[in-house]
Amino acid sequence: MAQAAAVAKPPAPPRRRRASATPRRLPYLLIAPAALLMLGFIAYPVISVFYYSLQNYNPTKPWRNGYAGFDNFVHAFTEDPQFWQTLTFSAQWVVVEVGLQLLFGLALALIVNQTFVGRGLGRALVFSPWAVSGVLTSAIWVLLYNSQTGITRYLADLGIGSYGTSWLSDTSTVFPAAVVADLWRGVPFFAILILADLQSVSKDLYEAAEVDGASRLKQFWHITLPHLKDAIVLSTLLRMVWEFNNVDLLYTLTGGGPAGETTTLPLYIANTSVDAHNFGYASALTTVAFAILLFCSIVYLRLSKFGGETK
């Protein structure tokens, strides 16, 4: 009776082996050394700049070193007219350079995107200036602008201008001359990114637009530009940051002259720290430049609706 009344218990289900946490953590462990190195190389200099921006630090005048609070920032905004002059020129330089580079880069990308004989060679020639370093680019244009052997010498031989003219030492011509030199290097960047995005535009869209009777201009406005929106926003933002921080080309071409006409804020920071050894004040100016770039980048991305759907 007891055996009949007993209910056989079903066999217990096999226990699942708990997955080891090591395989899940392995990718993070593998990238940890590189991440720590990047954090050290990036975080330490940034923290150091913020720290020294609150200090009076000049190795050549150690008796003046010490905590300064916000005195460096107050001096920059209220007592240093060169700060506002360099900041104004930096804004002018960024707007002119990025605007022209975008315009010419877009035009070049549309041209080399077409099918024609020698297109591969044409693309290589268009993109080649981007492979040249900034210092080498500056050296090339210093030679081109040389008053004895450069462009002005050949123009003088043709009766245009006078011998011994230097565009880089004349306040009326130094800015256009520097702009042209940087355009030669910066335009290919826009052309490369925009051309890469143009390759992904479906030809069916253009064929459908032609069937509907849309002109080339309407196709460009309603198909090409909306598709290139994110590429244009991203490339423009990157170039804005790079042009704002441009030091090598202007330093090699003009040294910030003549009479400080081509001194950008980063170049002023470099002169303040390297030449004047005033690292505390230079760190404060760097902090201000960082805040300006961060604010402008956020506003630009918000206004452009980067990554959003294109209507």
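**View A. Y145 and its partner ring in the predicted model.** Y145 is a buried residue in this predicted model, with a relative accessible area of 4%. W141 is buried as well, at 11%. Both values fall under the 20% limit for burial. A search of the whole structure finds 18 aromatic pairs. In the pair made by W141 and Y145, the ring centres are 5.5 Å apart and the planes meet at 45 degrees, so the pair is tilted.

**View B. W141 paired with W184.** The ring centres of W141 and W184 lie 6.4 Å apart, with the planes at 70 degrees, so this pair is edge-to-face. An angle over 60 degrees is what earns that label. W141 belongs to helix 6 (residues 134-144) and W184 to helix 8 (residues 174-198), so the pair ties together parts that are 43 residues apart in sequence. W184 is partly exposed, with a relative accessible area of 32%, whereas W141 is buried.

**View C. An aromatic cluster with three tyrosines and a phenylalanine.** Y51, Y52, Y57 and F279 form one aromatic cluster. Y51 and Y52 lie within the range of helix 2 (21-52), and F279 is at the start of helix 14 (279-304).

**View D. A nonpolar patch on the surface.** The patch is formed by L37, M38, F41, I42, V46, F50, F290, L294 and I298. Together these residues have about 910 Å² of accessible area. Two elements, helix 2 (21-52) and helix 14 (279-304), each give two or more residues to the patch. Helix 2 gives the most, with six residues.

**View E. I42 within the nonpolar patch.** I42 is found in helix 2 and is one of the residues of the nonpolar patch. Its relative accessibility is 51%, and I42 therefore counts as exposed. The limit for that class is over 50%.

**View F. S147 and its surroundings.** S147 is placed in the loop between helix 6 and helix 7 (151-157). The residue is buried, with a relative accessible area of 19%; the class requires a value under 20%. Leaving aside residues up to four places away in sequence, S147 touches T152, R153, G164, T165 and S166.

**View G. S147 and L125 shown together.** These two residues are 22 residues apart in sequence. From C-alpha to C-alpha, S147 and L125 are 27 Å apart in space.

Terms used. Residues are numbered from 1 along each chain as its sequence is written. This is a predicted model: local features need pLDDT of at least 70, side-chain atom pairs count only at pLDDT 80 or more; totals for chains, interfaces and linings use all residues. Side-chain values use heavy atoms; hydrogens and water are left out. Rings of Phe, Tyr and Trp (its six-membered ring) pair if their centres lie within 6.5 Å; planes under 30 degrees apart count as stacked, over 60 as edge-to-face and the rest as tilted. Buried means under 20% relative accessible area, exposed over 50%, partly exposed in between (1.4 Å probe, protein chains only). Helices (H or I, at least four residues) and strands (E, at least two) are DSSP runs, numbered from the N terminus. Patches are made of residues with over 30% relative accessible area and no salt bridge: like charges are joined within 9 Å, nonpolar side chains (Val, Leu, Ile, Met, Phe, Trp, Tyr) within 5 Å. Accessible areas come from the Shrake-Rupley method with a 1.4 Å probe; for residues, only the protein chains shown count as cover. A salt bridge is a side-chain nitrogen of Lys or Arg within 4 Å of a carboxyl oxygen of Asp or Glu. Contact means heavy atoms within 4.5 Å.
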